[in-house]
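Q: Please take a close look at how helices pack in this model, and set that packing within the division of the chain into domains. A formal account for a newcomer would be welcome.

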Amino acid sequence: MVGLIERYRERLPFAPEDPVVSLGEGGTPLIPAPHVSERAGVEVWLKLEGANPTGSFKDRGMTCAVSAAVREGAQAVVCASTGNTAASAAAYAARAGLRGAVIVPEGKIATGKLAQALMHGARVIALRGNFDRALELVRELAARHPVALVNSVNELRIEGQKTAAFELLEALEDGLDALCIPVGNAGNITAYWRGFTEAGRRPRMLGFQAAGAAPLVHGAPVADPETVASAIRIGRPARWEEAMDAMTSSGGAVRAVSDQQILAAYRLLAAGEGVFCEPASAASVAGLLAHGAGDARRVVCVLTGHGLKDPQTALEQAGSVVPSESELGAIERAVLG
Ligand code: AN7
């Protein structure tokens with residue numbers, strides 16, 4: 001399948017002759033969720049953004065940000081990241097033949113994401129500080145040096161990510177009443193809202209933050225954010241005002257979910273629906289189950305990243321393996337017992 005710049009070029013800031021750096025992102029599955037629907041009492045669909053090439057929604061924005069970086073003659077791309085942006089930036093930089101440097105909070109990103117960024121040949125810098133500080137530093141770095149900043153403060157990231165809203169409207173004939181989405185740096189909710197607004201549809205935007213990293217819920221930055229959902233361990237979202245505008249002007253809300261609620265939704269999705277997402281992604285379903293969706297009848301939950309990104313949390317949450325001697329009787333007991 002062609003990537004999303006080819007597919008939505010007339011709605012994106014790219015001319016026909018512009019360079020395109022693509023890994024075939026977008027066009028991700030939208031599937032019904034019978035178990036979650038039953039528990040929530042509404043029709044629930046899951047948008048599987050973990051099916052993007054690097055395993056997260058970040059690829060939608062990254063194809064645009066890195067294509068524009070090539071167009072502008074950049075030599076390198078940089079970002080601050082809780083992990084997925086780093087993995088995606090590293091992959092697209094490799095694809096484009098650009099240097100990539102990613103700044104991540106030391107010891108606080110999931111193993112899969114770290115492996116990806118390193119394998120794609122990016123310089124991975126482990127900052128003794130959190131994501132918010134890392135973003136501050138890369139913004140200063142990009143202001144002083146000829147490197148392209150590919151965090152979602154980059155407009156092209158939002159442009160690319162808005163295409164997910166187009167896909168939802170193409171797939172659901174009668175549209176949707178509400179969108180449930182995890183919120184970290186608040187780029188994605190901003191992007192969906194832009195996409196829906198451009199398409200003339202306005203579902204209720206329901207944003208969910210982890211309770212230990214919920215600045216938008218408190219109405220104030222969080223100095224030391226903490227949550228098992230490391231992807232959204234962010235205390236000072238860059239797109240704060242736009243995210244709040246999306247939620248208020250759509251009649252939506254921003255709410256907090258506890259790590260316990262996040263992990264319960266994470267396990268339900270994997271064991272009940274057959275969908276393995278990462279903990280941050282499960283915040284959308286946790287939020288729906290905890291807070292409902294008002295009078296919405298059809299709801300889409302965005303599952304932003306793949307469960308394989310974070311094998312450590314999965315192993316901590318899952319059952320244990322069953323050892324067996326290598327003979328039939330033992331296997332029978334192990335399988336059928
Ligand atoms: C799986 O990679 O911020 O509200 O640096 O990886 O647009 O920030 C990741 C964010 C949700 C929140 N789900 O999206 C990063 C980073 C997953 C994520 C979010 C992220 P935004």
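A: The account below begins with the domains and then turns to three helix pairs.

The model is a predicted one. Its chain is divided into domain 1, made of residues 4–56 + 160–316, and domain 2, made of residues 58–155. Between the C-alpha centres of domain 1 and domain 2 there are 21 Å. To the contact, domain 1 contributes 47 residues and domain 2 contributes 36 residues. About 3,300 Å² is buried between domain 1 and domain 2, and 47% of that area lies on carbon and sulfur atoms. On the side of domain 1, the residues that lose the most area to domain 2 are Val21, Arg233 and Lys309, which together account for 20% of what that side buries.

The helix pairs come next. Two packed helices are described by the angle between their axes and the distance between the axes.

Helix H8 spans residues 163–171 and helix H9 spans residues 187–198. The axes of H8 and H9 are 7 Å apart, and the two helices pack at an angle of about 50°. H8 and H9 are therefore oblique to each other. The crossing in which H8 passes H9 is right-handed. From H8, the contact involves Ala164, Ala165, Phe166, Leu168 and Leu169, while H9 supplies Tyr192, Gly195, Phe196 and Glu198. Sorted by class, the residues of this contact of H8 with H9 are seven nonpolar, one polar and one charged.

H9 also packs with helix H11, which covers residues 240–249. Here the angle is about 50° and the axes of H9 and H11 lie 8 Å apart. H9 and H11 are therefore oblique to each other. H9 passes H11 in a crossing that is left-handed. On H9, the residues Ile189, Thr190, Trp193 and Arg194 take part, and they meet Glu242, Ala243, Asp245, Ala246, Met247 and Ser249 on H11. The contact of H9 with H11 comprises five nonpolar, two polar and three charged residues.

The remaining pair consists of helix H4, residues 84–96, and helix H5, residues 111–119. H4 and H5 pack at an angle of about 20°, and their axes are 8 Å apart. Because angles under 35 degrees count as roughly parallel, H4 and H5 are described as roughly parallel to each other. H4 passes H5 in a left-handed crossing. Asn84, Ala86, Ala87 and Ala90 of H4 form the contact with Lys113, Gln116 and Ala117 of H5. By class, the contact of H4 with H5 holds four nonpolar residues, two polar residues and one charged residue.

How values were computed:
Residues are numbered from 1 along each chain as its sequence is written. This is a predicted model: local features need pLDDT of at least 70, side-chain atom pairs count only at pLDDT 80 or more; totals for chains, interfaces and linings use all residues. Side-chain values use heavy atoms; hydrogens and water are left out. Axes are lines fitted to C-alpha atoms, for helices over the stretch in contact, and angles run from 0 to 180 degrees between N-to-C directions. Helices (H or I, at least four residues) and strands (E, at least two) are DSSP runs, numbered from the N terminus. Angles under 35 degrees count as roughly parallel, over 145 as roughly antiparallel, 65 to 115 as roughly perpendicular and the rest as oblique. A crossing is left-handed if the near helix is turned anticlockwise from the far one by less than a right angle, and right-handed if clockwise. Contact means heavy atoms within 4.5 Å. Ala, Val, Leu, Ile, Met, Phe, Trp, Tyr, Cys and Pro count as nonpolar, Asp, Glu, Lys and Arg as charged, and the others, Gly among them, as polar. Domain bounds come from an automatic or database domain assignment. Buried area is the accessible area (1.4 Å probe) that two parts lose on being put together, summed over both.
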